[in-house]
Amino acid sequence: MIKPIGFKLSAFIFLSLFFIGCQKEIQLDLREAATQYVLEGSLDDSTGFKLRITQSKPFYDDNTFNPISSAVVEVSDNLGNVSLIPYDTNGFYLDSTIKAISGRTYTVKVVDNGKEFKCTSIAQPKTPIKKVTIGSFNFGGGPDGPGLVRFLQVWYDEHPGQGNHYRLVYNNPKDSESLSKINLQDDRFGDGIETQILVFGGREKGDGNLEIGDTVYVSLQTIDKACYDYFYTLDQITGGGRGASVTPSDPISNWDNQALGVFTLATSSSKRVIIDK
């Protein structure tokens, strides 16, 4: 016996409505594994000590981090000097009176809610900036056309002896992304010679592009290898402007106990630059 087509269609509609009505939203239990401490801080020879402590939220919460105000933060050096860092606000622990001194070993210890994190670094020799020059190249449109891109050449004398690492911090007040640029250098290909780091102001026609009359700031930091490795792996993960493609992961932190973030111990040399050509 041949069943009418209408019967088949009715059965299909009934089954479809049945399965739609049985759909259920499933939420995976990822809440505990997603929570981690994030420690981002620095100590240099000019501005002093700064550390922000936050804690990531569970996986399904919003993407903001909770500031931690209950931690005990201690800084010590190899000469026996110990300082407790006071809490300020919004997760920041600050002390402008502590300055990094070349050759000393510093240990930062953070204790909060039964967890302890440490980071140990040696303050490197200061590397003065010799000069900053301005270069440019043009994609077309005349000497100052829409294709003109200016860049900075930051010159310094590299310390003799292999194993030196540098980070250049670039601040263009009109470019909100300038401080997040990662400009790194080591001495693998130029030990003990005059060296330059190139810094590009921004995208072509972008707000960060350098223009005549702009005032920008550069700071050359001499850092240790562990700190360099953090910024280098972060650069690789984010692409670094070189078209890199790697498996997403966390950069190599110099904190122990699986904390995220980095502590930058640096001696630094800074200059203000006015773009005049």
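**Exercise 1. Is Asp214 buried or exposed, and which side chain meets Asp214 in a salt bridge?**

Solution.
Step 1: Asp214 has a relative accessible area of 13%, so Asp214 is buried; buried means under 20% relative accessible area, exposed over 50%, and partly exposed in between, with a 1.4 Å probe and protein chains only.
Step 2: The partner is Lys174, and the N to O distance is 3.0 Å. A salt bridge here is a side-chain nitrogen of Lys or Arg within 4 Å of a carboxyl oxygen of Asp or Glu.
Step 3: Lys174 sits in the loop between strand 11 and strand 12, and Asp214 in the loop between strand 13 and strand 14, so this pair ties together parts 40 residues apart in sequence. Helices (H or I, at least four residues) and strands (E, at least two) are DSSP runs, numbered from the N terminus.

A word on the model before going on: it is predicted, local features need pLDDT of at least 70, side-chain atom pairs count only at pLDDT 80 or more, and totals for chains, interfaces and linings use all residues. Residues are numbered from 1 along each chain as its sequence is written, and side-chain values use heavy atoms, with hydrogens and water left out.

**Exercise 2. Find which other salt bridges can be traced, starting from Lys174 and Glu211.**

Solution.
Step 1: The side chains of Lys174 and Glu211 meet at 3.7 Å, N to O. Since Glu211 lies in the loop between strand 13 and strand 14 (215–223), and Lys174 between strand 11 (165–171) and strand 12 (183–186), the pair ties together parts that are 37 residues apart in sequence.
Step 2: Lys174 is partly exposed at 34% relative accessibility, and Glu211 is partly exposed at 43%.
Step 3: Asp186 and Arg188 form a salt bridge at 2.8 Å, N to O. Asp186 is buried at 16% relative accessibility, whereas Arg188 is exposed at 56%.
Step 4: Lys130, Asp157 and Glu194 belong to one network, joined by salt bridges that share partners. The count for the model comes to 8 salt bridges.

**Exercise 3. Describe how strand 1 is placed and paired.**

Solution.
Step 1: Of the 7 residues of strand 1 (residues 37–43), 6 are buried, so the strand is largely enclosed by the rest of the structure.
Step 2: Strand 1 runs antiparallel to strand 2 (residues 49–55), with 7 bridges joining them; two strands pair if DSSP finds at least two bridges between them. Ser42 stands opposite Lys50 in strand 2.
Step 3: The two strands form a hairpin with 5 residues between them, and Gly48 in the turn has a positive phi of about 95°.
Step 4: Strand 1 also runs parallel to strand 15 (residues 260–265), through 6 bridges. Here Leu43 stands opposite Leu265.

**Exercise 4. What is the strand order of the open sheet of 4 strands, and which strands are its edges?**

Solution.
Step 1: The order is 5-4-7-8, with antiparallel pairing. Strand 5 (82–84) and strand 8 (115–122) are the edges, each pairing on one side only.
Step 2: From one strand to the next, the twist averages 15°; axes are lines fitted to C-alpha atoms, for helices over the stretch in contact, and angles run from 0 to 180 degrees between N-to-C directions.
Step 3: Strand 4 (residues 72–77) and strand 5 share 3 bridges, and Val75 has Ser83 as its bridge partner.
Step 4: Thr107 lies in strand 7. Leaving out residues up to four places away in sequence, Thr107 touches Glu74, Val75, Ser76, Cys119 and Thr120, where contact means heavy atoms within 4.5 Å. Thr107 and Glu74 are 33 residues apart along the chain, with 8.1 Å between their C-alpha atoms.

**Exercise 5. Which residues other than glycine have a positive phi, taking Asn113 and Gln258 as candidates?**

Solution.
Step 1: Most residues other than glycine have a negative phi.
Step 2: Asn113 has a positive phi of about 55°. Asn113 is in the loop between strand 7 and strand 8 and is exposed, at 71% relative accessible area.
Step 3: Gln258 has a positive phi near 65°. Gln258 lies in the loop between helix 2 (225–238) and strand 15, and is exposed at 71% relative accessibility.
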